[in-house]
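Work through the exercises below with the sequence and the model side by side. Each task is followed by a stepwise solution.

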Amino acid sequence: VGVPMFKQVVLDSQTTVSGSGVGSWTTGLGYFRQIDAYVRFSAAGGTTPTIDLFIDTRLDGTNVFNLGHLLQETTNASAGRVVHLTKGATTAADYASFEVDAGAGTIRSLAWGDDLRIRRAIAGTSPSYSYVVTLNCIA
């Protein structure tokens, strides 16, 4: 029994979430070299709601680094987006500049650790969103 060549994981799933927050860490993803992150929105509410989704990693179990800003969505209640991540060769010095968030739609070609999570920032008047982030991980 070896390491799987493909793995599908639900990284985050929220129903009518109305505030910014941080998802739980999902472990066991450090082996994979490529990830397709599929974000599917099923509902949006409020006046001019906006959601930003970020994907974070931690290399040592403690220090958190931003891999990218998956998307910024405004009002579209049934949107779907796919974002591709490729694991890059990265030195420890490279991570110093990635403690701040990437700009909207920016994905960084970094090595990621065993753990990944979704972080969200929501704004607007009485905003709410329902969404699922699914990862297709490829060895």
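The charged end of R119 sits over the ring of F54, 4.6 Å from the ring's centre. The model is predicted, and residues are numbered from 1 along the chain.

**Exercise 1. Follow R119 to its acidic partner and place both residues.**

Step 1. Look for the carboxylate. R119 forms a salt bridge with D56, and the closest N and O atoms are 2.7 Å apart.

Step 2. Place the two ends. R119 is in strand β6 and D56 in strand β3, 63 residues apart, so the pair links distant parts of the chain.

Step 3. Check burial. R119 is buried, and D56 is buried too.

**Exercise 2. Which other arginine forms a salt bridge with D56, and which residues make up the network around it?**

Step 1. Recall the principle. Side chains of opposite charge can pair when their charged atoms come close.

Step 2. Find the partner. D56 forms a salt bridge with R117, with 3.2 Å between the closest N and O atoms.

Step 3. Locate the pair. D56 lies in strand β3 and R117 in strand β6, so this salt bridge ties together parts that are 61 residues apart in sequence. Both D56 and R117 are buried.

Step 4. Take a further bridge. The side chains of R58 and D115 meet at 2.6 Å, N to O. R58 is in strand β3 and D115 in strand β6, 57 residues apart. Both are buried.

Step 5. Assemble the network. Salt bridges that share partners join D56, D101, R117 and R119. The whole structure holds five salt bridges.

**Exercise 3. Classify the ring pair F41 and Y131, and say why it links distant parts of the sequence.**

Step 1. Choose the descriptors. A pair of aromatic rings is described by the distance of the centres and the angle of the planes.

Step 2. Count the pairs. The structure holds three aromatic pairs.

Step 3. Read the geometry. F41 and Y131 are 6.0 Å apart, centre to centre, with 55 degrees between the planes. Planes under 30 degrees apart count as stacked and those over 60 as edge-to-face, so the rest are tilted. The F41 and Y131 pair is tilted.

Step 4. Map the pair onto the strands. F41 lies in strand β3 (residues 34-58) and Y131 in strand β6 (residues 115-138), so the pair ties together parts that are 90 residues apart in sequence.

Step 5. Check exposure. F41 has a relative accessible area of 1% and is buried. Y131 is also buried, with a relative accessible area of 1%.

Step 6. Extend the group. Ring pairs link F41, Y129 and Y131 into a cluster.

**Exercise 4. T15 and T26: is each one buried or exposed?**

Step 1. Set the cut-offs. Buried means under 20% relative accessible area, and exposed means over 50%.

Step 2. Take T15. T15 is found in strand β1. Its relative accessible area is 67%, so T15 is exposed.

Step 3. List the neighbours of T15. Leaving out residues up to four places away in sequence, T15 touches Y129 and S130. T15 and S42 are 27 residues apart in sequence and 8.8 Å apart in space, C-alpha to C-alpha.

Step 4. Take T26. T26 sits in the loop between β2 (21-22) and β3. Its relative accessibility is 17%, so T26 counts as buried.

Step 5. List the neighbours of T26. With residues up to four places away in sequence left out, T26 touches V9, L11, D114, D115 and L116.

**Exercise 5. Which residues form a nonpolar patch on the surface with M5?**

Step 1. Name the members. M5, F6 and Y31 form the patch, with about 350 Å² of accessible area together.

Step 2. Place F6. F6 lies in strand β1 (residues 6-17).

Step 3. Check its exposure. F6 has a relative accessible area of 49% and is partly exposed.

**Exercise 6. Describe the whole chain.**

Step 1. Count the elements. The protein chain has zero helices and six strands. Their order from the N terminus is β-β-β-β-β-β.

Step 2. Assess burial. Of the 139 residues, 44% count as buried.

Step 3. Quantify the surface. The accessible surface comes to about 6600 Å², of which 50% belongs to carbon and sulfur atoms.

Step 4. Check contact range. Among contacts between residues at least 6 apart in sequence, 79% join residues at least 24 apart.

Terms used
This is a predicted model: local features need pLDDT of at least 70, side-chain atom pairs count only at pLDDT 80 or more; totals for chains, interfaces and linings use all residues. Side-chain values use heavy atoms; hydrogens and water are left out. Patches are made of residues with over 30% relative accessible area and no salt bridge: like charges are joined within 9 Å, nonpolar side chains (Val, Leu, Ile, Met, Phe, Trp, Tyr) within 5 Å. Accessible areas come from the Shrake-Rupley method with a 1.4 Å probe; for residues, only the protein chains shown count as cover. A salt bridge is a side-chain nitrogen of Lys or Arg within 4 Å of a carboxyl oxygen of Asp or Glu. Helices (H or I, at least four residues) and strands (E, at least two) are DSSP runs, numbered from the N terminus. Buried means under 20% relative accessible area, exposed over 50%, partly exposed in between (1.4 Å probe, protein chains only). Rings of Phe, Tyr and Trp (its six-membered ring) pair if their centres lie within 6.5 Å; planes under 30 degrees apart count as stacked, over 60 as edge-to-face and the rest as tilted. A charge sits over a ring if NZ of Lys or CZ of Arg is within 6 Å of the ring centre and within 35 degrees of the ring normal. Contact means heavy atoms within 4.5 Å.
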